[in-house]
Amino acid sequence: MIRLATISPCYNEEEVLRRSVERLTDLFGRMITEGLISEDSMMVFVNDGSSDRTWELIQELHQESPFVKGINLLRNVGHQNAIMAGMMTAKDWVDAVVTIDADLQDDIECIPQMVKELGQGYDVVYGVKVSRKADPFIKRMTAQAFYRLQGSMGVESIFNHADFRLMSRNALQMLSDYDERNLYLRGLIPMMGLPSTTVDDVIGERKAGSSKYTLGKMLNLALDGITSFSVKPLYTIIYLGMVFLVISFCIGIYVLHALIVGTAVPGWSSLILSIWLVGGFVLIAVGVTGVYIGKIYNEVKHRPLYHIKEILD
């Protein structure tokens, strides 16, 4: 039997925590009875700088349940870094971890199948969303578009997979060798090339609280996912420049025609050509290049991803 840990990042999740522990405790009980996991398995909640009573509740649940462990981060570091903190702390405690959001919208009934796949020799088992009906329409459409955009940019990732996955201790040890500041686990883990498989994940309705993943955070994650694993946007600038040259040539022909027939407005043609074409292209080029320079700036400083204030083990 394996010793399993679920890793759940928490940010102001007071409303959902107790229900999450109840559901996971029931699941753990069934899996222990079936001989899939050991009795010293655990559920690890990572408090990512919450401003409500999340950490106090984790402490209470730790006293009430032998399964509950807690990691209290010194400040909010973001979803991906909080997951990393949980995995790197728990990798020496257990044989495998399952990362899952505290709201348990992912199908926890997939976890027994994940454990069985681990026994078949897979180091990573991805939960792939086969139904997202519970997600809002806008989130569903933008997520689908993002996965396709990632693929077109050459980013190796699992389509319709977020952060619900099982990783073996071997996978965690290998992941610990990656010293990246701009974490995008959905692209980083597939890049390791370990034996992997998938299970079907049906997203459920959120029972309490509200999603902490705002549109701004999702856009930032999407940007990290592309710029951390692909240089295609830089090459796109070159192609865009060629397109602008063609447009400039076409406008030049139009301006020449206007001058010949006498319909040109003095100063108009030069203003349009310089501002809209050259200026627009330069701004795009500087912006995309700046994103990459900014990421290099963050990487070379080698600042810690997180600081742990307290651990309940």
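Two strands count as paired when DSSP finds at least two bridges between them. In this predicted model, S4 and S6 meet that criterion, with four bridges in the antiparallel sense. Within this pair, Ala 96 stands opposite Ser 168 of S6.

These strands belong to an open sheet of eight strands. The strand order is S7-S5-S6-S4-S1-S2-S3-S8, and the pairing is mixed. Strand S7 (196–202) and strand S8 (308–312) form the edges, and each pairs on one side only. From one strand to the next, the twist averages 20 degrees.

Strand S5 (residues 124–131) pairs with S7 in the parallel sense, over seven bridges. Here Val 125 faces Thr 197 of S7. S5 is also joined to S6, by four bridges, and these two strands run antiparallel. In that pairing, Val 128 stands opposite His 161 of S6. S6 is mostly covered, with eight of its eight residues buried.

Two helices that pack on the sheet are described next. Helix H4 (residues 111–119) packs on the sheet and touches S1, strand S4 (96–99), S5, strand S6 (161–168) and S7. The direction of H4 makes about 45 degrees with that of S6. Helix H2 (residues 54–64) also packs on the sheet. Its contacts are with strand S1 (4–10), strand S2 (42–47), strand S3 (68–73) and S8. The direction of H2 makes about 155 degrees with that of S3. Strand S1 is thus touched by H2 and by H4. The edge strands are also contacted, S8 by H2 and S7 by H4.

How values were computed: Residues are numbered from 1 along each chain as its sequence is written. This is a predicted model: local features need pLDDT of at least 70, side-chain atom pairs count only at pLDDT 80 or more; totals for chains, interfaces and linings use all residues. Side-chain values use heavy atoms; hydrogens and water are left out. Axes are lines fitted to C-alpha atoms, for helices over the stretch in contact, and angles run from 0 to 180 degrees between N-to-C directions. Contact means heavy atoms within 4.5 Å. Buried means under 20% relative accessible area, exposed over 50%, partly exposed in between (1.4 Å probe, protein chains only).
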